[in-house]
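Me: I'd like a close look at one part of this model, going through the charged side chains slowly. Here it is.

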Amino acid sequence: MNILLSLSRAIDWINEQIGRVIMWLVLAAVLISATNAIVRKTLSTSSNAWLEIQWYLFAAVFMLGVGYVLLHNAHVRIDFIASRFSKRTNAFIDILGLVVFIIPLSLILINLSWPLFVNAWHSGEMSQNAGGLVRWPVYFLIPAGFAILLAQAVSELIKRIAFLTGHRSEPFSHIERKSETERLAEELAQEAQAHDPLAAKTQS
């Protein structure tokens, strides 16, 4: 388990670094988008290449950032339901979701998207728009993004198993600050437990 936890920490570190790079990609996308809009409105001209760079950056933020989001436990959850369960129960649910959904889906989409990238690479496929960009970089984002998600899913699976077996005190590496919705969900769950002693025993 110590070896697996070391692997998990390595994957977490890589996705943390990717997340920091993506923050700059967001800034670049915003600046390019604003510049494109200003040039179009003031000079009545535009560049397909710069418009496509903006789209490529947008795609990169979403595809390469999925592992960072999973690492920080910032993905969408049904807060009201999750807050009613113990950490152990949520860990079991996470393991089920990782094994049944995320890992198989990532493997399937890597397998399907890799030939798309290879074909674009070998053919030198270009955008159909005049002055547009070569297509293979944006196609590459698909298998790359799902490979990153797959790696982080493996890391999260290791952490959940380690938590359940007593090798970790927490199932997550990062616990995001609770949102208003999450706090409200916890308050409602606590009120429900106060009126339902059986639920309180189940939660403990």
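Is R160 buried or exposed, going by relative accessibility? Take me through the salt bridges around it, too.

Reply: R160 counts as buried, because its relative accessibility is 3%; buried means under 20% relative accessible area, exposed over 50%, and partly exposed in between, with a 1.4 Å probe and protein chains only. Before going on, a word on the ground rules: this is a predicted model, where local features need pLDDT of at least 70, side-chain atom pairs count only at pLDDT 80 or more, and totals for chains, interfaces and linings use all residues. Residues are numbered from 1 along each chain as its sequence is written, and side-chain values use heavy atoms, with hydrogens and water left out.

R160 sits in helix α6, which covers residues 136-164. Helices here are DSSP runs of H or I with at least four residues, strands are runs of E with at least two, and both are numbered from the N terminus. R160 forms a salt bridge with E156, with 2.8 Å between the closest N and O atoms; the term calls for a side-chain nitrogen of Lys or Arg within 4 Å of a carboxyl oxygen of Asp or Glu. These two residues both belong to helix α6 and are four residues apart, about one turn of the helix.

E156 has another partner, since its side chain also meets that of K159 in a salt bridge, at 2.7 Å from N to O. Because E156 and K159 are three residues apart in helix α6, about one helical turn separates them. E156 counts as buried at 1% relative accessibility, and K159 is buried with a relative accessible area of 1%.

K159 then reaches out of its own helix: it forms a salt bridge with D12, where the closest N and O atoms are 3.0 Å apart. K159 lies in helix α6 and D12 in helix α1 (residues 2-43), so the pair ties together parts that are 147 residues apart in sequence. D12 is buried, just like K159.

Put together, D12, D94, E156, K159 and R160 are linked in a network of salt bridges. A search of the whole structure finds five salt bridges.

As for the setting, the protein chain has eight helices and zero strands. Buried residues make up 35% of its 204 residues. Among contacts (heavy atoms within 4.5 Å) between residues at least 6 apart in sequence, 76% join residues at least 24 apart.
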